[in-house]
Structures are given as C-alpha cells and as structure tokens.
Amino acid sequence: MIKISALASHSALDVFDGAKDEGFSTIALCKKGRERPYLEFKRIVDECILLNDFKEIPSESIQQKLISENAIIVPNRSLAVYVGYDNLENMKVKFFGNRKMLRWEERKGEKNYYKLLDEAKIRRPRIYTPDNIDSAVIVKLPESKRRVERGFFFAKNKEDFDKKLEELEKDGIIDEESIKEMVIEEFILGAYFNVNYFYSPIFNRTEIISIDRRIQSDWDEFYKLPADIQLSLNRTPRLIEVGHEPATIRESLLEKLFEIGYAFVEATQKLEPPGIIGPFTLQLSVTPDLDIVVFDVAPRIGGGTNAYMGIGSQYSKLYFGKPISLGRRIAIEIKEAINSSLEEKVIF
C-alpha cells in the first residue's frame, strides 16, 4: 500500500490528516527543533523521519528509505525552498503530481508564473523597473535574513519607492542580493483572495475546493488603526505571513474563477507537459469593476489549506456531498487512481 509523505512544514498537517481520513499511512520528514507538532499529533503521523536539515531529503539514504516504504511525496512550498528545484526534480522517489511545475512559481528566469498567466490570457499586474514607476506599486523581494520567505512593501510613486527601499536597506531588512531579486508590480486596488483549485486527471475536471485569505504581521493590525496613528508610527509594515482564514466569494464571480482555472490548467499542459496535476492556488484581486487580476501563483498545495483541516471546505461539498480539505482531496485522487489502475496519471 502506498504511504503519503511530505516535508513537515507549510500545509503538511492538512496532507497527513487527509491521508489518514482515506486510510493511508503517513511519513513526516521532520527537522530537529521543528518536529514537536508532528510528534504531538500522533493520529495523523505514523512515522517521523528526523533530519538535521531538510537538505538531507534528496540524500541516497533518505530516498532509499522512502522507496522501501512505498512512499510518495506530496510537494509543498517548503520542499521547493529547502531542497531546491534541481534536487527535487532529480530525486528517485515518486511524487504526487508533476514536480517540474514547482519551478514555475518563480517570478524570474525562463520558467516563471508571468509566462503561465500570459499563455492562459489571464490578467495580471504590470511589471515596472525602478526607473519607470508611474503609479502605486507593490514590491516583492526576499529579506536579507529570511531568504526562504518573500517580503513585500507598498509605494505610492517612484519617490516613495526610493525612500522606502533606502530605509529597508539601512535597517538591514534587505540587502543587495534582495534588490537583485526584486520584482516591482502594479498595485491593484481590490479585494484579495487565495483560490485553491484541484485539477483531476481521474475525474477530468478543474475543481474549486476552497478560498482563504492571508493573516499578515504586522500589517493585519496596522491597517486597522486610525490614519493619524498610522502616520505617527512612521513605519513600513513588513507583511509577514503568519496564518490564513476561510473566505467565500460572491456566486456571480464563480463563472470567472472557473474560466481562469481551466485556462491556467491548459496553459500548464502546453508549457510543461503533462501540466499541473492536483492542487494549485491562484492569488487574485477582485476590482470594484469585478474584474479578476491574478497577482501570484502556487503550482502546488497552498499555504492556507490548514484553515479547512478537520472541517472541510464549502465548495468541496458541492462535488463530494461532504466537506473535505484539500489534503483529503489529494488522498481521494490517489485512492481513485489506485482503484482504477491509473496511478501513472497522478504519480510520477
């Protein structure tokens, strides 16, 4: 029997909980000092492989152990960040889904999500250089001490951009390497949502499973303060992601969400065959004119799916007659593939 494995971070709890609900055994790839949740929640973790560093995952010994246990890896963002695209693409262990899609999450390089969105004809923010900023922007870049995380700041114009960039560098939050990786996007004023999709080769459809929103520090409380207090604090919120909360979207917008979801899947099939398989997230803004603008892409399970762990999501019930989480949706796909002798469609 196949076992479900994941790097123990990000959305791994949802993956393990969903796997157990469908009768699978689970293996958590844990880092020393960060293993406690996966040891405490004993019902959903059958085995915890303790590592000195996540970079040990592609090692021959760990791979052979996973292969001997008939385990498949469900990739998350942490796996891509800590292990690296080259390493995970060359691993012998089998993965759920198309592991080559993970590289497309980047904003720069030959494979980037802007190219995917353009191929799908999905509206996205304009991209600026530091010299041609002519509107409000959001700047995305890694922080100097948190390379694995992506930092953000807003600027109302070029003068404001220059000032904030200089302040962040002076305070040591960013450095020259951060600036090299910087992307400057048009700021879209609207309501923000993370839409968690699932492309199923077994059921031959693109599903909307759940929607969530980010909780960010120190932005989450900062923007609730009266304007005069915000100004008096004279600080730039860092927008560090610390959690997620469930959300719904008005029903009249679901038509557009299905349209861009199917278009995205078709674009991935053209640019990185066989394309996206399983979960992906489109982070988007709904403008006052009810236009959809996608500003970020996660070609794997999203970071907010734990918001529905244990209770399931509202849209999943419309497919399965019961609310399930995205982690359980993955396990259902694997089980259906096994029962139909179609593992080669979802496991690579």
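Mentor: Before we start, a residue counts as buried under 20% relative accessible area, as exposed over 50%, and as partly exposed in between. The model is predicted.

Trainee: Which class, buried, partly exposed or exposed, does Glu40 fall into?

Mentor: Glu40 has a relative accessible area of 47%. The bounds are 20% and 50%, with partly exposed in between. Because 47% lies in that range, Glu40 is partly exposed.

Trainee: Which residue forms a salt bridge with Glu40, and how is that residue classed?

Mentor: The closest N and O atoms of the pair are 3.0 Å apart. Both residues lie in helix 2 (residues 36-40), 4 residues apart, about one turn of the helix. The partner of Glu40 is Arg36. Because its relative accessibility is 60%, Arg36 counts as exposed.

Trainee: Arg77 and Glu105 also form a salt bridge. How many residues apart in sequence are the parts it ties together?

Mentor: The closest N and O atoms of Arg77 and Glu105 are 3.6 Å apart. Arg77 lies in helix 4 (residues 77-83) and Glu105 in the loop between strand 5 and helix 6, so the pair ties together parts whose separation in sequence is 28 residues.

Trainee: Are Arg77 and Glu105 buried or exposed?

Mentor: The relative accessible area of Arg77 is 13%, and that of Glu105 is 2%. The limit for buried is under 20%. Both values meet it, so Arg77 and Glu105 are buried.

Trainee: Which residue meets Asp86 in a salt bridge?

Mentor: The N to O distance is 2.7 Å. Asp86 is in helix 5 (residues 85-90), and its partner is 17 residues away, in the loop between strand 5 and helix 6. The partner has a relative accessible area of 23%, which makes it partly exposed. It is Arg103.

Trainee: How many salt bridges does the count give, and which residues are joined into one network?

Mentor: The count comes to 30 salt bridges. Some of them share partners and form a network. The residues it joins are Lys3, Glu47, Lys65 and Glu69.

Trainee: Which strands are at the edges of the open sheet of 5 strands?

Mentor: The order of the sheet is 3-2-1-4-5, with parallel pairing. One end pair is strand 4 (residues 71-73) with strand 5, joined by 2 bridges, where Ile72 stands opposite Lys94. An edge strand here pairs on one side only. That applies to strand 3 (47-51) and strand 5 (94-95).

Trainee: Which strand pairs with strand 7 in the antiparallel sense?

Mentor: The two strands pair over 4 bridges. Ile138 of strand 7 stands opposite Glu185. The partner covers residues 183-186 and is strand 9.

Trainee: How many residues of strand 7 are buried?

Mentor: Strand 7 covers residues 137-142 and is mostly covered. Val137, Val139 and Leu141 point one way, while Ile138, Lys140 and Pro142 point the other way, and all are buried. The count is 6 of its 6 residues.

Trainee: What area is buried between domain 2 and domain 3?

Mentor: The domain assignment gives domain 2 as 113-123 + 190-345 and domain 3 as 127-186. The contact takes 12 residues from domain 2 and 13 residues from domain 3. Carbon and sulfur atoms give 50% of the buried area, which is about 1,100 Å².

Trainee: How many residue pairs are in polar contact between domain 2 and domain 3?

Mentor: Salt bridges between domain 2 and domain 3 number 0. With both residues at pLDDT 80 or more, the count in polar contact is 3 residue pairs.

Trainee: Which elements give two or more residues to the side of domain 2 that touches domain 3?

Mentor: One is a helix, 113-119, and the other a strand, 292-298. They are helix 6 and strand 14.

Trainee: What is the distance in space between Phe203 and Asn234?

Mentor: Phe203 is in the loop between strand 10 (191-200) and strand 11 (205-217). In sequence, Phe203 and Asn234 are 31 residues apart. C-alpha to C-alpha, the distance in space is 53 Å.

Trainee: Which residues is Phe203 in contact with, leaving aside its neighbours within four places in sequence?

Mentor: Phe203 counts as partly exposed because its relative accessibility is 31%. With its neighbours within four places in sequence left aside, the contacts are Arg329, Glu333 and Glu336.

Terms used: Residues are numbered from 1 along each chain as its sequence is written. This is a predicted model: local features need pLDDT of at least 70, side-chain atom pairs count only at pLDDT 80 or more; totals for chains, interfaces and linings use all residues. Side-chain values use heavy atoms; hydrogens and water are left out. Buried means under 20% relative accessible area, exposed over 50%, partly exposed in between (1.4 Å probe, protein chains only). Two strands pair if DSSP finds at least two bridges between them. Domain bounds come from an automatic or database domain assignment. Contact means heavy atoms within 4.5 Å. Buried area is the accessible area (1.4 Å probe) that two parts lose on being put together, summed over both. A salt bridge is a side-chain nitrogen of Lys or Arg within 4 Å of a carboxyl oxygen of Asp or Glu. A polar contact is a pair of N or O atoms within 3.5 Å; within protein, one must be able to donate a hydrogen and the other to accept it, and residues adjacent in sequence count only if both atoms are side-chain atoms.
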